[in-house]
Amino acid sequence: MAPPIVYTERAAGGERLTGLRLIGEQDEERWSAPEDTDAADAVEHAAAWLADRLSRPSLGIGLLCIDPRGAACGWVDAPGSSPALARA
């Protein structure tokens, strides 16, 4: 039996965890953060939910996927091209 996949779902910009999907070989479970939960509490609730699911049987996590829609990406422009600046 292969360890399950955990897929995270985040609000735009990645600022808040909104859900988890635990995907096993034959089933899938989903956790959603309550609407009124702040970002830190959502992570605590998600961790407790996931720990409970992974303790039966104790398989660990096979793969952790972080959703790309919740990411915040942008270009960075450096004020120069010196090697010291690039290393920083």
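**A walk through the sheet and its helix**

Let us begin with one pair of residues: Ile23 has Glu28 in strand E3 as its bridge partner. That pairing opens the way to the strands around it. Strand E2, covering residues 17–23, is joined to E3 by 5 bridges, and these two strands run antiparallel.

Now step back to take in the whole sheet of this predicted model. The sheet is open and is built from 4 strands, which follow the order E3-E2-E1-E4 with mixed pairing. Why is one side of E3 and of E4 left without a neighbour in the sheet? Both E3 and strand E4 (63–66) stand at the edges, where each has a single partner strand, so one side of each has no neighbour there. Going from one strand to the next, the twist averages 15°.

A helix joins the picture here. Helix H1, made of residues 39–54, packs on the sheet and touches strand E1 (5–10) as well as E2 and E3. The direction of H1 makes about 10° with that of E2.

Next, look at the side chains. Arg21 lies over the face of Tyr7, and the distance to the ring centre is 5.2 Å. As for aromatic rings paired with one another, with centres required to lie within 6.5 Å, the count comes to 0 pairs.

Finally, how confident is the predictor? The protein chain has an average pLDDT of 83, and 83% of its residues score at least 70. Among the elements of the chain, strand E3 (residues 28–32) has the highest mean pLDDT, 95, while helix H2 (residues 83–87) has the lowest, 73. The strand we started from, E3, is thus also the element with the highest mean value.

Terms used
Residues are numbered from 1 along each chain as its sequence is written. This is a predicted model: local features need pLDDT of at least 70, side-chain atom pairs count only at pLDDT 80 or more; totals for chains, interfaces and linings use all residues. Side-chain values use heavy atoms; hydrogens and water are left out. pLDDT is the predictor's confidence in each residue, from 0 to 100. Rings of Phe, Tyr and Trp (its six-membered ring) pair if their centres lie within 6.5 Å; planes under 30 degrees apart count as stacked, over 60 as edge-to-face and the rest as tilted. A charge sits over a ring if NZ of Lys or CZ of Arg is within 6 Å of the ring centre and within 35 degrees of the ring normal. Two strands pair if DSSP finds at least two bridges between them. Axes are lines fitted to C-alpha atoms, for helices over the stretch in contact, and angles run from 0 to 180 degrees between N-to-C directions. Contact means heavy atoms within 4.5 Å.
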